[in-house]
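Biologist: Could you walk me through the spot where the ligand sits? I'd like a close look at just that part, in plain words.

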Amino acid sequence: MLIKSAEFVCSNTEVSKLPAPNLPEYAFIGRSNVGKSSLINALTQRKNLAKTSQKPGKTQLINHFVINDDWYLVDLPGYGFAQTSKKNRTEWEKFIRAYLTKRENLQCIFVLIDSRHEPQKIDLDFCCWLGEQGLPFLLIFTKADKQSAVKTDQNIAKFSKALLKWFEQVPTRFITSAELKQGTDNILQTIDEINGRFVIPNQDSNL
Ligand code: GTP
Ligand code: MG
């Protein structure tokens, strides 16, 4: 897929204020600092479309971007940010879970996992919750430039093994580096394929 345009649309904390669900939508989610915003910039070939930071907790809102006037890409706040208060965490839970479960044009959730680490409970729990909700998700292993390909493969194998305790099959996975723009073509191709099957949801059934 060629990226002809990529524009910021709006930031929100309320599902009722999101743009009309008339385009296919893809959300990027994962632990704080895993590289969601950086990957969005790499995918769209823009330096600063999504704001990135070395400090965890940069993205705080549901951020909508429209790509090629054809699909929405959504940058979400990260989970598991230790310095956030319990109240903030509960707020996060509420509005992100409401968004994920109620957004009727959401085609697929990309769950980002840091490829440097062994499986983390918080990521596995989140995948299980998506599974329980029947929400479609794919896995993206980020920051692959930070260690050897062998180490990345080992961590992916361990994560897949852990997921197989709950799932019959492991979802499709992508290996990426926002730094090296690695793995972005495959993700865009997957989005392109799903876009081709999109049918505008009946808005009468909204919420
Ligand atoms: P929050 O919005 O805080 O949840 O973080 P985020 O998941 O959006 O992460 P962000 O894209 O802001 O990146 C966090 C840090 O990791 C930044 O310092 C990035 O430069 C760095 N980073 C992200 N992706 C990569 C990558 O593929 N390789 C390397 N080497 N660094 C990366
Ligand atoms: Mg971010």
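Modeller: Sure, let's start with who is around ligand 1. There are 22 residues around it, and Lys36, Ser38, Gly57, Asp145 and Ala178 come nearest. Bear in mind that this is a predicted model. Sort that shell by class and you get twelve polar residues, seven charged ones and three nonpolar ones.

Now for the backbone, which has a few polar atoms worth finding on your screen. At Gly35, a backbone N or O atom lies 2.9 Å from an oxygen atom of ligand 1. Val34 also has a backbone N or O atom by a ligand oxygen, this time at 3.2 Å. Then look at Glu179: one of its polar backbone atoms is 3.5 Å from an oxygen atom of ligand 1. As for cover, ligand 1 on its own has 650 Å² of accessible area, and the protein covers 89% of that.

So what kind of space is this? Ligand 1 takes up the space of the largest pocket. That pocket holds about 690 Å³ of space. It is lined by 33 residues, and the ones closest to its centre are Gly35, Ser38, Thr52, Lys143 and Ala178. You've met some of those names already: Ser38 and Ala178 are also among the residues that come nearest to ligand 1.

Where does the lining come from? Helix 1, residues 36-44, gives the largest share, with six residues. By class, the lining of the largest pocket has 16 polar, twelve charged and five nonpolar residues.

Notes: Residues are numbered from 1 along each chain as its sequence is written. Chains are lettered from A and ligands numbered from 1 in the order in which they are written. This is a predicted model: local features need pLDDT of at least 70, side-chain atom pairs count only at pLDDT 80 or more; totals for chains, interfaces and linings use all residues. Side-chain values use heavy atoms; hydrogens and water are left out. A residue is near a molecule or strand if one of its heavy atoms lies within 4 Å of it. A polar contact is a pair of N or O atoms within 3.5 Å; within protein, one must be able to donate a hydrogen and the other to accept it, and residues adjacent in sequence count only if both atoms are side-chain atoms. Accessible areas come from the Shrake-Rupley method with a 1.4 Å probe; for residues, only the protein chains shown count as cover. On a 1 Å grid over the protein atoms alone, a cavity is a set of points where a 1.4 Å probe fits but cannot get out, and a pocket is an open set with protein on both sides within 12 Å along at least five of seven lines; lining residues have an atom within 4 Å of a point. A molecule sits in a cavity or pocket if more than half of its atoms lie within 2 Å of its grid points. Ala, Val, Leu, Ile, Met, Phe, Trp, Tyr, Cys and Pro count as nonpolar, Asp, Glu, Lys and Arg as charged, and the others, Gly among them, as polar. Grid points are joined across faces, edges and corners, and a volume is the space filled by probe spheres set on the points. Helices (H or I, at least four residues) and strands (E, at least two) are DSSP runs, numbered from the N terminus.
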